[in-house]
Amino acid sequence: MFHVEHTQSEFDRSEETPEMAAQIKAVFGDREGLARSYHASLATDGVERGLIGPREVTRLWERHLLNCAVVAELIPAGASVVDVGSGAGLPGIPLAIARPDLKVCLVEPLLRRTVYLVEIVDALGVEVQVVRGRAEQPGVVKEAGGADFVTSRAVAPLEKLARWSLPLIHDGGVMLALKGSTAEDEIARDAKALERLGARNVTVLRCGEGVVGSPTIVVRAERRVSAKRAAKVLHPR
């Protein structure tokens, strides 16, 4: 177990400009200290344990923490969020820091990563659940399923991602997949598969515009409401 000090580290300063400092404050507000502690952990322990590449250290804020945290603008207050293939905690931990009202669960299959996640969650003192396993495993679906939102970042192609993600949210729940500039192409390529899997209203959104330097591209899709649930809503007893 390690301890994280809520202070600005040398790693913060190595990449931070006045503009970046303003973005950090705008996104994390009075929980900026927690974000800085997580940043320092990724820049040191995260690199040493092979969770973050050494070349990423100087761009952790822009490409990782801020990039993930701005997705919170798509999530309403009090929602439950499952983060699939969380890795070093991205985007789940930045979301939990920026939005303490969210109920966040991190799903990760690799032991060395889940050990880190448990340690950093404890060190930061954030209310986050960690579940070890693959998203498609019945035990994981049972433990983490039924959420309002499921998030992911750099996990898999869209079709495979939908197959893993949609079972973790309730009917009408929302999948938020952080993607790159080819998001529109992925949707076009996998349109039939997404429809078959029960995804509807698939769109590409950009988060953090006017707040961070590079907006985050997100594929948003809703899980189709089953006929059984629709009937229950229309004809409640």
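Which side chain meets Glu 222 in a salt bridge of 3.0 Å, N to O? Keep that in mind as you click around; this is a predicted model.

**Stop 1: Glu 222 and Arg 220.** Select Glu 222, then add Arg 220: there's your partner, with the two side chains joined in a salt bridge at 3.0 Å, N to O. Switch on a surface and look at how much of each residue shows. Glu 222 is buried, at 15% relative accessibility, because the cut-off for buried is under 20%. Arg 220 comes out at 22%, so it counts as partly exposed.

**Stop 2: over to Arg 200.** Keep Glu 222 selected and bring in Arg 200. These side chains also meet in a salt bridge, this one at 2.6 Å, N to O. Color by secondary structure here: Glu 222 belongs to strand β7 (residues 216–223) and Arg 200 to strand β6 (residues 199–207), so the pair ties together parts 22 residues apart in sequence. On the surface, Arg 200 is partly exposed at 36% relative accessibility.

**Stop 3: a network.** Now select Glu 16, Lys 25, Glu 32 and Arg 36 in one go. Salt bridges with shared partners link these four into one network.

**Stop 4: Asp 101 and Arg 99.** Zoom to Asp 101 and show Arg 99 as sticks. They form a salt bridge, with 2.8 Å between the closest N and O atoms. Check the surface again: Asp 101 is partly exposed, with a relative accessible area of 35%, whereas Arg 99 is buried at 16%.

Want to keep going? Searching the whole structure turns up 18 salt bridges, including the ones at Glu 222 you started with.

Technical notes
Residues are numbered from 1 along each chain as its sequence is written. This is a predicted model: local features need pLDDT of at least 70, side-chain atom pairs count only at pLDDT 80 or more; totals for chains, interfaces and linings use all residues. Side-chain values use heavy atoms; hydrogens and water are left out. Buried means under 20% relative accessible area, exposed over 50%, partly exposed in between (1.4 Å probe, protein chains only). Helices (H or I, at least four residues) and strands (E, at least two) are DSSP runs, numbered from the N terminus.
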